[in-house]
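Reader: I would like a close look at a single part of this model, the metal site, together with whatever in the surrounding fold helps to place it. Please take it slowly and keep to what the coordinates support.

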Amino acid sequence: MNTIDRRTFVRAGLALAGTGLLAGCTSLGTGASLILPTSPRIGEAEARRRTTGRTHEFRFTAQAAQVDLGGPQVNTWTYDGSVPGREVRVRVGDVIQAELANRLPADTTIHWHGLALRNDMDGAPPLTQDPVAPGGSFTYRFIADTPGTHWLHPHSGTQLDRGLYAPVIVENPADPGGYDHDWTVVLDDWIDGTGTTPDEVLTRLRQGAGGMGSRHGMGGSFAPGGNVRYPYYLINGRVPAAPVTFTARPRQRARIRFLNAASDTAFRIALGSHRLRITHTDGFAVRPVDTDTLLIGMGERYDVTVTLGDGVFPLVALAESKDATALALVRTGGGTPPPSSFRPPELNGEPLGYDRLVPVEEVQLPVKTPDVEHRLDLTGGMMSYDWGINGLPFDPARRLLIREDRRVRIIIRNRTMMWHPLHIHGHTFQLGDTGPRKDTVIVLPGRTASCDLAADNPGQWMIHCHNTYHHETGMATILGYQT
Ligand code: C2O
Ligand code: CU
C-alpha cells in the first residue's frame, strides 16, 4: 500500500531557529488594532502593485447542474454547469474583474487560491467579506500580480468537495518557455451526487469513523492519508473509462500544470514512459529537476515539462493509500490506449521530496532573521474528529498577530497521526532557509515545517488545512495584521 513516505517531505527546511521572539496564538486584547479588509491600507497596498492596466472580465454563475463525468451522471454544484469551471488565464499585472452570481441554495464566495491579492477580494467569509447570499452577486476586482498556476474555489462549508473549482493561470512573460503545448490537469476525488453529498460525509465523519458505512469506505485503520474513500477519481472532470486526451506530435514539449482540487486525497502522478521535469510549485519557479513521479497534496500545484515520445501514453494519478486511479491520455501517434486501470511503472519510483526543490534565485526570500515567530501545532484525531490548532478548534476571535514589513516565521508542528496540507492565504512562504516558495505545504505526522514569509500584504488572512473536512471541523486560524 502506498502511503506518503515521511522521508519524502521532511528532509528540507526543518531547522528551527534557536532564538527569536516567540509569540503565541493570541486572543485579541483590548487596544489591539487590526488592519481590517475595509482599512484604507488595503487600497494603498493595491496601489503599490504593478499593473499592465489591462482588465479581463469574467462571470461565474454558481449553480446546481447535472454533469456527465464520462459515464456517471451526477447532480452537483458547479460554475456555469461544467466541472472543472472555465479556466481563467491572464498575464501577470492584469486586472481580473470577475462577477460571481450565486444561484445556489446556500451562501458562497470565490477564493483565489495562490494569489497574493488585496485582502478584501480574498473571498474568505465572514473574515474578508460578507458571504454572497442565494440570488446575490459580488464582483471581484484586483491586480493579479502573482504569476503561476493557481485556482479558485468557494470558502464555505464543504462546497469545495462538489464541482466548484477552476484553474487560474497567471502567465509570466519572463518564464523561459520552451514548450509547444500548455496543458492544465485538474485532479479531484468525487462523491457528490452518487447517493451522498459532502455535507453527509461531514456528518458521518463527525460521528466518528465507526459511523461511516463501508459503502462510503471509511478505512478502519489510521492510514496517514485521507480517510474518505471516493467512488470516483477524476482528471478534468472525467472518470478513467472516458479520459480526456491531450494531443501533440512526437518530440514536442508540453508544459503540464497539475492542480489538486481534491478534498481528502493526495495523488501520486506519472506519465507512462516519460520523466517529469518539475519547473514550478505553487506558481514559483524551482531549478528544473527530473523525476519519475511526484506527490501532490490538496491545494498544491506542480508545473512540469515533458518531451513527448511517439504513441499513446497514460497520465495516471494514483489516489494515495486509496488504491484507485484517475486517468488522462497523451496521444502523439498511433496505438491502443492501455486499460483504464493501468499503472505505469514510473509510479513505483521515489516521489520527489521538497528537499530536492530549490527555488530559482529570483523567487528566493532574502535571508533574514525573523522578527516574530508563531508556533502552530496541528492537533486532533480521526476518531473524535476534533481537528484544531494548538488544541483548539477555529475561533474567529483568535489571531497570529503580525505587523507590516516584518519577517515572520511560522513553525507548523504536526502532533496528529495524519498528514495535513497547510495553506496560508495572501502570502507565499519559503520552506526552511533554502526550500521552495509555496503557499501550501504537506506536513507529515510528527513532523515540523518552518515557513518564512514577508509581511507585505496587510489584512486578515486564513491559515488552514486544505483537507476540506479538517478545515470545516476546526483546523484553521487567522494571520492578522495589526497597526
Ligand atoms: Cu484553497 Cu483557504 O483555500
Ligand atoms: Cu488536515
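Author: What follows begins with the metal site and then turns to the sheet, the cores and the cysteines.

The model is a predicted one, and the description below should be read with that in mind. The copper ion (ligand 2) is held by three donor atoms, namely ND1 of His420, SG of Cys465 and ND1 of His470, at 2.0 to 2.1 Å. Read along the chain, the donors of this copper ion follow the spacing H-x44-C-x4-H. Histidine 420 belongs to strand S26 (residues 420-424), whereas cysteine 465 belongs to strand S31 (residues 460-465), so the pair ties together parts of the chain that are 45 residues apart in sequence. Histidine 420 is buried, its relative accessible area being 0%, and for cysteine 465, also buried, the value is 0%.

Turning to another part of the fold, one finds an open sheet of four strands, in the order S4-S3-S6-S8 and with mixed pairing. Its edges are formed by strand S4 (73-79) and strand S8 (137-143), each of which pairs on one side only. On average, neighbouring strands in this sheet are turned by 20° against each other, when direction is ignored. Within the sheet, strand S3 (residues 55-68) runs parallel to strand S6 (residues 95-102), and the two are paired over eight bridges; arginine 59, for instance, has glutamate 99 in S6 as its bridge partner.

The nonpolar interior can be described next. In soluble globular proteins, nonpolar side chains tend to be buried together. Here the largest nonpolar core comprises 102 residues, and Ile96 and Trp112 are the ones with the most contacts inside it. Strand S20 (residues 312-319) gives the most to this core, contributing four residues. Leaving aside residues up to four places away in sequence, tryptophan 112 touches a set of residues including Ile96, Ala98, Leu117, Met121, Tyr140, Phe142 and Val168, and the polar Asp122 is also among its contacts. Apart from the largest core lies another, of 14 residues, among them Ala65, Trp151, Tyr165 and Ala261.

Finally, the cysteines deserve a word. A disulfide is a covalent bond between the sulfur atoms of two cysteines. With a pair of cysteine sulfur atoms required to lie within 2.5 Å, the count of disulfides comes to zero. Cysteine 451 is buried, with a relative accessible area of 0%, while cysteine 465 provides its SG atom to the copper ion (ligand 2).

Notes: Residues are numbered from 1 along each chain as its sequence is written. Chains are lettered from A and ligands numbered from 1 in the order in which they are written. This is a predicted model: local features need pLDDT of at least 70, side-chain atom pairs count only at pLDDT 80 or more; totals for chains, interfaces and linings use all residues. Side-chain values use heavy atoms; hydrogens and water are left out. Donors are N, O and S atoms within 2.8 Å of the metal (3.2 Å for Na, K and Ca); water is not among the atoms, so sites may look incomplete. Buried means under 20% relative accessible area, exposed over 50%, partly exposed in between (1.4 Å probe, protein chains only). Two strands pair if DSSP finds at least two bridges between them. Axes are lines fitted to C-alpha atoms, for helices over the stretch in contact, and angles run from 0 to 180 degrees between N-to-C directions. A nonpolar core is a set of buried Ala, Val, Leu, Ile, Met, Phe, Trp, Tyr and Cys residues joined through side-chain atoms within 4.5 Å. Contact means heavy atoms within 4.5 Å.
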